[in-house]
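User: I would like a close look at a single residue and at the parts of the chain around it. Please set out the reasoning for a first-year student.
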Amino acid sequence: MMHWHIVCDFDGTITPSDVIDNILDRFADPRWEAIEAQWLAGEIGSRECLSQQLALVKAQPAQLLEYFDSVTIDPGFAPFVELVLERGASLAVVSDGLEQAIARILARNGAPLLPIIANQLRQVDADSWRIVFPHASDACRAASGNCKCKSTPSSKRILVIGDGKSDMCVAGTADFVFAKGSLADHCERNGIAHARFDSFAQLPALLAALPQNTGNTVPHLTSEQQELFHHV
């Protein structure tokens, strides 16, 4: 798989739930939910949404770390990473979440060391925070805090793994998508080449069926591959 680069989402994909949503549930003024509704309705981008929401959080650093340390990941993630790296692919965790949280959660759950491209949390005072966006782009079509399309190398074929709204833009430019949740529904509606999955334990079989040529287009799947993807 040396010609493939994998862009893997974190929240709801590697983890069972969304880390930032859980932070907001625990530590933020309830006004965050109205801001979330604006984002879901497409009235604001995630960059604006996250900026407003994180400003509502009141938590000591120790409280955030205690929460991070309670988060588990899909038990199939680490074996999947080891497999794709052994096969020569590159993989980065690309998230509209928080770099510090992702790094700590992956390390504590025994995941291999990986590049993490995500937003960053900054402490304002004893219990107040703001979010910064080192990977944002003014040209981002989704107005995301982290422009995932910006993270895809042009020299490789792109496999996206994700579950939701923050993955939809980059999924449209990918060579193939492993999708769950609302991302799978989006791919289905928009004719994006994809396979549905529920857990990383299913992905080695899907990976084996993934077209491996390095042309400019993904070829039609064989009948056996279509059957495998259909039943996932």
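Does Asn-146 count as buried or exposed, and at what relative accessibility? Please continue from there to its surroundings.

Analyst: The structure shown is a predicted model. Asn-146 counts as buried, because its relative accessibility is 1% and the term applies to any value under 20%. Along the chain, Asn-146 belongs to the loop that connects β4 (129-132) with β5 (157-162).

Consider first what the residue meets. The side chain of Asn-146 comes to 2.7 Å from the backbone oxygen of Ser-95. Leaving aside residues up to four places away in sequence, Asn-146 touches Val-94, Ser-95, Asp-96, Ile-117, Ala-118, Asn-119 and His-135. Strand β2 covers residues 90-98, which is the stretch to keep in view when looking at the contact with Ser-95.

Asn-146 also borders an empty space. A search of the whole structure finds 1 cavity of 30 Å³ or more, and the largest cavity has a volume of about 40 Å³. Asn-146 is one of the residues in its lining, together with Cys-140, Ser-144, Cys-147, Lys-148, Cys-149, Ser-166, Cys-169 and Val-170. By class, this lining consists of 5 nonpolar, 3 polar and 1 charged residues. Spaces of this kind are found by a simple idea. Rolling a probe the size of a water molecule over the atoms shows where empty space is left.

The loop that holds Asn-146 ends at β5, and this strand is the next element to examine. In β5, 6 of the 6 residues are buried, so the strand is largely enclosed by the rest of the structure. Arg-157, Leu-159 and Ile-161 point to one side of β5, while Ile-158, Val-160 and Gly-162 point to the other, and all are buried.

β5 pairs with two strands named here. Strand β1 (residues 4-8) runs parallel to β5 and is joined to it by 5 bridges; within this pairing, Ile-161 is the bridge partner of Cys-8. Strand β6 (residues 176-179) also runs parallel to β5, with 4 bridges between them, and here Leu-159 has Phe-176 as its bridge partner.

β1 in turn leads back to β2. These two strands pair in the parallel sense over 4 bridges, and Cys-8 stands opposite Val-93 in β2. Like β5, β1 is mostly covered, since 5 of its 5 residues are buried. From β1, Trp-4, Ile-6 and Cys-8 point one way and His-5 and Val-7 the other way, and all are buried.

One residue of the cavity lining, Ser-166, leads to a second space. The largest pocket has a volume of about 400 Å³. Of the 22 residues that line this pocket, Ser-166 is among the closest to the centre, along with Asp-11, Asp-18, Asp-21 and Trp-39. Two or more lining residues come from each of α1 (19-27), α2 (32-40), α3 (46-54) and β2. The largest share, 4 residues, comes from α3. The pocket lining is made up of 5 nonpolar, 9 polar and 8 charged residues.

Helix α3 also contains Gln-53, a useful second case to set beside Asn-146. Gln-53 is buried, because its relative accessible area is 1%. Its side chain makes a polar contact of 2.9 Å with the side chain of Glu-36. Beyond residues up to four places away in sequence, Gln-53 touches Leu-24, Trp-32, Ile-35 and Glu-36.

The loop between α2 and α3 holds Ile-44. This residue counts as buried as well, since its relative accessibility is 11%. With residues up to four places away in sequence set aside, Ile-44 touches Ile-35, Gln-38, Trp-39 and Cys-49. The C-alpha atom of Ile-44 is separated by 15 Å from that of Ser-137, although the two residues are 93 residues apart along the chain.

To return to the residue requested, Asn-146 is a buried loop residue. Its side chain reaches the backbone oxygen of Ser-95, and Asn-146 helps to line the largest cavity.

Conventions:
Residues numbered from 1 in each chain as written. Predicted model: local features only at pLDDT ≥ 70, side-chain atom pairs only at ≥ 80, totals over all residues. Heavy atoms only, no water. 1 Å grid on protein atoms, 1.4 Å probe; cavity = no way out; pocket = protein on both sides within 12 Å on 5 of 7 lines; lining within 4 Å. Points joined across faces, edges and corners; volume = space filled by probe spheres on them. Nonpolar A, V, L, I, M, F, W, Y, C, P; charged D, E, K, R; others polar. Buried < 20%, exposed > 50% of the residue type's maximum accessible area, 1.4 Å probe, protein only. Polar contact = N/O pair within 3.5 Å; in protein donor to acceptor, adjacent residues only side chain to side chain. Contact = heavy atoms within 4.5 Å. Pairing = 2+ DSSP bridges.
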